[in-house]
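Student: I would like a close look at a single part of this model, namely its enclosed space. Please begin there and then place it beside what can be said of individual strands.

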Amino acid sequence: MIDIHSHILPELDDGAGNIKESVEMARKAVEQGITDIIATPHYYKGKYDNDKEKVERKTWQLNRVLDELDIPLKVWPGQEIRISDELLEDYDNNSVMALNGSQYMLLELPSNHVPRYTERLIYDLQMKRITPIIAHPERNLEIIRNPHLLEELIWKGAYSQLTAGSITGKFGWRTRRFSKYLIHSGLTHFIASDAHNVGNRGFQIREAYKLVEKNMGQAVVNAFHVNAENVLYGMKVKESFL
Ligand SMILES: [Fe+2]
């Protein structure tokens, strides 16, 4: 199993606080059946200044430790990039990167609204051959009130990623119900853990896939797995499989 969104790298953001916690998370990931995980520390200028070079260095260091401990998990570099009007500039000067150097970039919206420049940004990124993936739209207040906003972004070329814990009910029944709606409406392309630790923000990805399998069948689960694999290897993602 491939997980395309996690905060497993140590000392970078509100995820793993040190290498010991990263290793604990890695062990949990393996228990969940994850073989490959993309490390996506927050990139949020002034708060989390985790540029590409730093992320790549930390990824390399963690892989070396996991190798020494014989933990069968491969970590790949990425970022969860908070959208801003400087994002294109940051991409041009190599501070931000797409997931594992693919054509897919993980974007984080503010939690309470969708900035008006988002559509334009999605267009501009695509001009640079980058396909944005909107992280956890199910937790954005404006999208919850008006799901049509997400539909618009997807119509303009973005993909979207649901967080496993939203599907399992970790963020409450409303988020759970809305997540189900987003999957059933074909507005979801990926499921990922967004794991921050082994406690209250753990993985739950296996449990989430089980629920999706129960509600929608194995074919849909397989399509999500294939999509995640295609991101990791920089291949074309299936847009709709419903
Ligand atoms: Fe995240």
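Tutor: In this predicted model, the largest cavity holds about 40 Å³ of space. The count of cavities of 30 Å³ or more comes to one. The lining of the largest cavity is made up of Thr163, Gly165, Lys170, Phe171, Ser193, Asp194, Ala195, Arg201, Gly202 and Phe203. By character, these lining residues divide into three nonpolar, four polar and three charged.

One lining residue, Thr163, leads to a strand, since residues 159–163 form strand 8. Ser160 also has its place in strand 8. Ser160 counts as buried because its relative accessibility is 1%, and the cut-off for that term is under 20%. A polar atom of the Ser160 side chain lies 2.5 Å from the backbone oxygen of Leu187.

The strand at residues 2–6 can be described in a similar way. Strand 1 is mostly covered, with five of its five residues buried. Strand 1 runs parallel to strand 2, which spans residues 36–39, and three bridges join the two. Within this pairing, Ile2 of strand 1 stands opposite Asp36 in strand 2. Between these two strands the chain passes through helix 1, residues 19–32, and the resulting β-α-β crossover is right-handed.

Technical notes
Residues numbered from 1 in each chain as written. Predicted model: local features only at pLDDT ≥ 70, side-chain atom pairs only at ≥ 80, totals over all residues. Heavy atoms only, no water. Buried < 20%, exposed > 50% of the residue type's maximum accessible area, 1.4 Å probe, protein only. Helix = DSSP H or I, 4+ residues; strand = E, 2+ residues; numbered from the N terminus. Pairing = 2+ DSSP bridges. Right-handed = clockwise from strand over helix to strand, strands pointing away. 1 Å grid on protein atoms, 1.4 Å probe; cavity = no way out; pocket = protein on both sides within 12 Å on 5 of 7 lines; lining within 4 Å. Points joined across faces, edges and corners; volume = space filled by probe spheres on them. Nonpolar A, V, L, I, M, F, W, Y, C, P; charged D, E, K, R; others polar. Polar contact = N/O pair within 3.5 Å; in protein donor to acceptor, adjacent residues only side chain to side chain.
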